[in-house]
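Got your viewer open? Load the model below and follow along, one selection at a time.

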Amino acid sequence: MEEGREDLKSIMGYLPLVWRSSCIFWPSQTVEALKVIAGGPEQSHIDSGELLFVAISDLRHSLSLSAEPLAPSAPDGYGLFFNQLISSEESSKWFEEVVPALANLLLKLPSLLELHYQNQHGFGLRLLDSQQPGTVLLGQELIGALLGCSFFCLFPVSNRGPRDLPTINFDRLFACLYDHYSLKQQSKIRCIIHYFERICSHMPAGYVSFERKILPLERPFLSISYPNAAFWSTSRTPLCRLEVCSSGLIEDQSSAALEVDFANKYIGGGALHSGCVQEEIRFMINPELIAGMLFLPSMADNEAIEILGSERFSNYTGYASSFRFSGDHVDKREVDSFGRRKTRIIAIDALCSPGMRQYKLECLLREVNKAFCGFLDQSKYRQYERLSQDNGYCGAQHYLDIKEPYYMTRDALLVNEATSTSVEIYGGNLENVALRNSQEKSCQSLVHEDNLGVVTGNWGCGAFGGDPELKAIIQWLAASQVHFLSGVKTFHFLLHGWPAGTP
């Protein structure tokens, strides 16, 4: 529990709650305001966008957030959407059913957090700072409550900029609707509103994990460090299988492969502003991804973010200005032993507007290592190190130095294959097989059950200005190196060309 309190301490300044005497709670004035909203329109009198925003302002005042101004046009945006852009039937359902349910969900937030910190040892909600690898595992109900705070604009924001944290409240999402009305912005909000309607009618009970992945700049023990140019230029790794698709979308693939998010270094990019390209669209149809924006600071060149388990709630058509919400989506992905859907999204940010620099060695190295960091899974190296130390094995003899490719044959990696303490390579990670089977649950390791390949597209192109052919080759090289380390026979690299996968 002490570990959980340290996690809570790191995030508490970014939550709209009070932590005192080992208890998490809402201020009493906020509780009363939420109870009124939970009573429905007859008690709260909230039956329009304008009155909804009045309630939002009152909640913020109860949390002493009035000094942190919201986007000036946010009240107009809430009014426009709920008064004019949805039908009277939809509006009535929203104010009579969804808003009260959201208020009740927010009232549960302190108890959801208490339960979370009691159960998620090592994976508790906390700031996942730059250069600090780690994982946060959140229940879908807790995510729903956190996103409810975003909708009501209850997160304090004055301290987020200095920590390189992205936008988290929804005020700018609605302000952009009013300031620069467009059907694509309306559709973005429709996706979010649909998500709330779904969870308020039936709360999902799964989990989503958020992991900051790092290629250490210094040589670590039993891990893979940031490869240098000599490594890539002398690598003898054969290229893995490549499939080029002229149709289909990344999120529609069914092979349980890694799905690349063409990310901004600030996870989510313009999702909560006016952005509407590949990353922003994914965050709209899988709104649980937005929760990561609360606690994941911007990515450095040697970092990536992996999000496993998010549920898709919406269908859509189009892209950018033609993006349109097209109704409900029932996510039929299987779940793993931790209750996470087998949807693995890898956020990697490409260089923005690199011009001719993208062909120079420094930029080439940065981009291939960025993709390699995203595709690689180092967790089992760390697990093997811990288990080998606990059981008296000398892990150092199996150390892999990524800067010495000449000694990294696959036969050498698969040492002692026939023995009971054999070491195998899965997804770029060392793992003691006998120990894995006996101690997997006790270790509470969020290892991945599938590693079938990578599904991607025109990463770093389009608005980012990258060369599509160059970026395809860079991703192929990175995927091939991971394939070589993993030994997974069915590893595929699927490249979606324009318009599928989107730029």
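Start by selecting Asp261, which is found in strand S6 (residues 258-263); helices (H or I, at least four residues) and strands (E, at least two) are DSSP runs, numbered from the N terminus. Before going on, two notes on the model. It is predicted, so local features need pLDDT of at least 70 and side-chain atom pairs count only at pLDDT 80 or more, while totals for chains, interfaces and linings use all residues. Residues are numbered from 1 along each chain as its sequence is written, and side-chain values use heavy atoms, with hydrogens and water left out.

Is Asp261 buried or exposed? Asp261 is buried, with a relative accessible area of 3% (buried means under 20% relative accessible area, exposed over 50%, partly exposed in between, with a 1.4 Å probe and protein chains only). Now show its contacts (heavy atoms within 4.5 Å). Not counting residues up to four places away in sequence, Asp261 touches Ile267, Gln278, Glu279, Phe283, Ile345, Ile346, Ala347 and Ile348.

Next, add Glu279 and Glu280 to the selection: with Asp261, they carry the UniProt annotation "active site", from an unreviewed entry. These three are spread over 20 residues of sequence but cluster in space, with a largest C-alpha distance of 9.3 Å. UniProt positions are given in the numbering used here, feature names are shortened, and annotations may be inferred rather than shown by experiment.

Stay with Glu280, found in helix H11 (residues 278-285). Glu280 counts as buried, at 8% relative accessibility. Its contacts, leaving aside neighbours within four places in sequence, are Gly268, Gly269, Gly270, Ala271 and Gly275.

Now select helix H9 (residues 183-201). Because 14 of its 19 residues are buried, H9 is largely enclosed by the rest of the structure.

For the interior, colour the largest nonpolar core, which has 98 residues. Such a core is a set of buried Ala, Val, Leu, Ile, Met, Phe, Trp, Tyr and Cys residues joined through side-chain atoms within 4.5 Å. Phe82, Trp94, Phe151, Phe196 and Phe295 have the most contacts inside this core. Its largest share, twelve residues, comes from helix H6 (residues 88-119). A second, separate core of 37 residues includes Phe231, Leu365, Leu376 and Val455.

Finally, zoom out to the whole chain. How many helices and strands are there? The chain has 16 helices and 14 strands, and 59% of its 503 residues count as buried.

Key
The expected span of a helix is 1.5 Å times one less than its number of residues.
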